[in-house]
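Hello,

Here is the structure we talked about. Please have a look, then read my notes below.

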Amino acid sequence: MAGAAMLLLPVTPAGAAQIVVLTIAFSVGTIFNSVSIAVNAEISPTRQRAAVMGTCTGLVTTAGLIAPYLTGQIIQTADSPAAGYTVSFTIAGVLLLASGVLALLFMRPEHTRNHIGLGG
């Protein structure tokens, strides 16, 4: 849903509608943080749980370092700031949708727990 909202943002009329779409795009995506922590805790062996969760959190938050730089580069090299923002939001939307589809296809906590011998 966050990916779809991000893709809709450039084509949404300016004003209140854009604020609603922007709010959905940035708030719904944060649900992933809670879910990913729960999934990692569920499938990690107890003695490795903190390391797994710390590593995943570190990898996910790396986007906070990279995304502003890349977005700035896209906006500066575009024909206009508006075109740069459109490309930036489109790229973010595509990445969000693709990662959501991959998560739906491959995240199977119960299967993973059983596979690594933690099934109960």
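**Helix packing, core and single residues**

Please keep in mind that this is a predicted model. I start with the helix pairs.

H3 passes H4 in a right-handed crossing. H3 covers residues 31-43, and H4 covers residues 49-61. The two pack at an angle of about 150°, with their axes 9 Å apart. Angles over 145 degrees count as roughly antiparallel, so H3 and H4 are roughly antiparallel to each other.

Which residues of H3 and H4 meet? From H3 come Asn33, Ile37, Asn40 and Ala41. From H4 come Arg49, Val52, Met53, Cys56 and Val60. By class, this contact of H3 with H4 has six nonpolar residues, two polar and one charged.

Asn40 deserves a separate look. Is Asn40 buried or exposed? Its relative accessible area is 13%. Buried means under 20%, so Asn40 is buried. Apart from neighbours within four places in sequence, Asn40 is in contact with Val52, Met53 and Cys56. Those three residues sit in H4 and are part of the contact with H3.

H4 also packs with H5, residues 63-77. Here the angle is about 10°, and the axes are 5 Å apart. Angles under 35 degrees count as roughly parallel, so H4 is roughly parallel to H5. On the H4 side, the contact has Leu59, Val60 and Thr61. On the H5 side, it has Ala63, Gly64 and Leu65. The contact of H4 with H5 divides into four nonpolar and two polar residues, with no charged ones. Val60 appears in this contact and also in the contact of H4 with H3.

Now the core. Which residues form the largest nonpolar core? It has six: Ala5, Met6, Leu9, Val21, Ala25 and Phe89. Two elements give two or more residues to this core: H1 (2-8) and H2 (16-28). One core member, Val21, is in contact with Ala5, Leu8, Leu9 and Thr12, leaving aside neighbours within four places in sequence. Of these, Ala5 and Leu9 are also listed in the core.

Last, Val94. This residue lies in H6, residues 81-106. Its relative accessibility is 45%, so Val94 counts as partly exposed. How far apart are Val94 and Ile24 in sequence and in space? They are 70 residues apart in sequence and 16 Å apart in space, C-alpha to C-alpha.

Best wishes

Definitions and conventions. Residues are numbered from 1 along each chain as its sequence is written. This is a predicted model: local features need pLDDT of at least 70, side-chain atom pairs count only at pLDDT 80 or more; totals for chains, interfaces and linings use all residues. Side-chain values use heavy atoms; hydrogens and water are left out. Helices (H or I, at least four residues) and strands (E, at least two) are DSSP runs, numbered from the N terminus. Buried means under 20% relative accessible area, exposed over 50%, partly exposed in between (1.4 Å probe, protein chains only). Contact means heavy atoms within 4.5 Å. Axes are lines fitted to C-alpha atoms, for helices over the stretch in contact, and angles run from 0 to 180 degrees between N-to-C directions. Angles under 35 degrees count as roughly parallel, over 145 as roughly antiparallel, 65 to 115 as roughly perpendicular and the rest as oblique. A crossing is left-handed if the near helix is turned anticlockwise from the far one by less than a right angle, and right-handed if clockwise. Ala, Val, Leu, Ile, Met, Phe, Trp, Tyr, Cys and Pro count as nonpolar, Asp, Glu, Lys and Arg as charged, and the others, Gly among them, as polar. A nonpolar core is a set of buried Ala, Val, Leu, Ile, Met, Phe, Trp, Tyr and Cys residues joined through side-chain atoms within 4.5 Å.
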